[in-house]
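Here is a short tour to read alongside the model on your screen. Take a moment to turn the chain around, and then follow along helix by helix.

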Amino acid sequence: MTAPTSPRIEHHPDIMALRAHSEETTATPAAQAVEALAVLSGVYLAASPWIAGFNGATTLTVTNLITGVAYACLVGGFGPAYERTHSLSWAAVAIGVWTIISPWAVAGHTFGTAAQVSNVIVGVVASLLALAMAGLGMGRAQR
């Protein structure tokens with residue numbers, strides 16, 4: 001078997017430039033702050049039933065735990081692999097919107113004010129942070 005005559009795809013100039021640009025984008029203090037705040041909002045969402053005191057509402061507790069862990073894992077992956085994951089920020093926006101409507105959408109129980117306020121605030125924050133991450137990717141695409 002002979003050695004390939006062309007360079008491997010990882011060494012293509014366009015891919016190298018894309019990776020360098022993604023590294024520049026995520027290395028800025030603003031991008032790192034957005035990512036850190038997004039991870040913290042995901043952790044808060046997962047722990048909010050116990051922090052805000054509505055852990056007796058089992059369906060919303062499980063919903064917040066699952067969506068909080070999913071959101072934190074999703075946005076935590078943006079830093080190390082931004083060039084491959086920045087388009088997933090729209091999924092993070094969807095999780096934020098779900099967080100806002102989940103106290104009313106989860107069937108079987110009417111939740112108290114603490115659950116509604118907590119979910120609406122963390123949902124708005126999570127959605128805005130995800131939109132900021134999407135904006136980082138769109139700013140890169142426009143240049």
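## Helices, bends and buried faces

Helix α3 has 19 residues and spans 27 Å from its first C-alpha to its last, close to the 27 Å expected at 1.5 Å a residue. Please keep in mind that this is a predicted model. The buried residues of α3 are Leu60, Thr61, Thr63, Asn64, Thr67, Gly68, Tyr71, Ala72, Leu74 and Val75. An α-helix has 3.6 residues a turn, so residues three or four places apart point the same way.

Stepping back to the whole chain, there are six helices and zero strands. Read from the N terminus, the order of elements is α-α-α-α-α-α. Of the 143 residues in the chain, 38% are buried.

Two of the helices are worth following for their bends. In α2, a kink of about 55 degrees sits at Ala46, shortly before the proline Pro49. In α5, the bend is about 35 degrees at Thr99, and the proline Pro103 follows within four residues. Here they are side by side:

| Helix | Bend at | Angle | Proline that follows |
|---|---|---|---|
| α2 | Ala46 | about 55 degrees | Pro49 |
| α5 | Thr99 | about 35 degrees | Pro103 |

The residues at these places are also listed among the buried ones. For α2, the buried set is Ala31, Val34, Glu35, Ala38, Ser41, Gly42, Leu45, Ala46, Ser48 and Pro49. For α5, the set is Ser89, Ala92, Val93, Ile95, Gly96, Thr99, Ser102 and Pro103. Despite its bend, α5 has 17 residues and reaches 23 Å from first C-alpha to last, close to the 24 Å expected at 1.5 Å a residue.

Pro103 deserves a closer look. This proline belongs to helix α5, residues 89-105. Pro103 has a relative accessible area of 3%, so it counts as buried, the cut-off being under 20%. Its C-alpha lies 9.8 Å from that of Thr113, ten residues away along the chain.

## Between the helices

Just after α2 comes Gly53, which has a positive phi, near 85 degrees. Ala57 is in the loop between α2 and α3. Is Ala57 buried or exposed? Ala57 counts as buried because its relative accessibility is 7%. Ala57 and Gly112 are 55 residues apart in sequence, yet their C-alpha atoms are 9.2 Å apart in space.

Gln116, in helix α6, gives another such pair: its C-alpha is separated by 8.7 Å from that of Ser102, 14 residues away along the chain. Gln116 is partly exposed, with a relative accessible area of 23%.

## Inside and outside

Which residues have the most contacts inside the largest nonpolar core? They are Ala38, Tyr71, Val75, Ala92 and Met133, in a core of 13 residues. At least two core residues come from each of α2 (29-52), α3 (58-76), α5 and α6. The largest share, four residues, is supplied by α6. As a background note, in soluble globular proteins nonpolar side chains tend to be buried together.

Now for the surface. A nonpolar patch there is formed by Trp90, Val124, Leu128 and Leu131, which together have about 380 Å² of accessible area. Helix α6, residues 113-142, gives the most to this patch, with three residues. Val124 is located in α6. With a relative accessible area of 38%, Val124 is partly exposed. Helix α6 therefore takes part in both settings, with four residues in the largest nonpolar core and three in the surface patch, while Val124 falls between the buried and exposed classes because its relative accessible area is 38%.

How values were computed. Residues numbered from 1 in each chain as written. Predicted model: local features only at pLDDT ≥ 70, side-chain atom pairs only at ≥ 80, totals over all residues. Heavy atoms only, no water. Buried < 20%, exposed > 50% of the residue type's maximum accessible area, 1.4 Å probe, protein only. Patch = residues over 30% accessible without salt bridge, like charges linked within 9 Å, V, L, I, M, F, W, Y side chains within 5 Å. Areas by Shrake-Rupley, 256 points an atom, 1.4 Å probe, with all protein chains shown as cover. Salt bridge = Lys/Arg side-chain N within 4 Å of Asp/Glu carboxyl O. Expected span 1.5 Å × (residues − 1). Bend = angle between axes of the 7 residues up to and from the residue. Core = buried A, V, L, I, M, F, W, Y, C linked by side-chain atoms within 4.5 Å.
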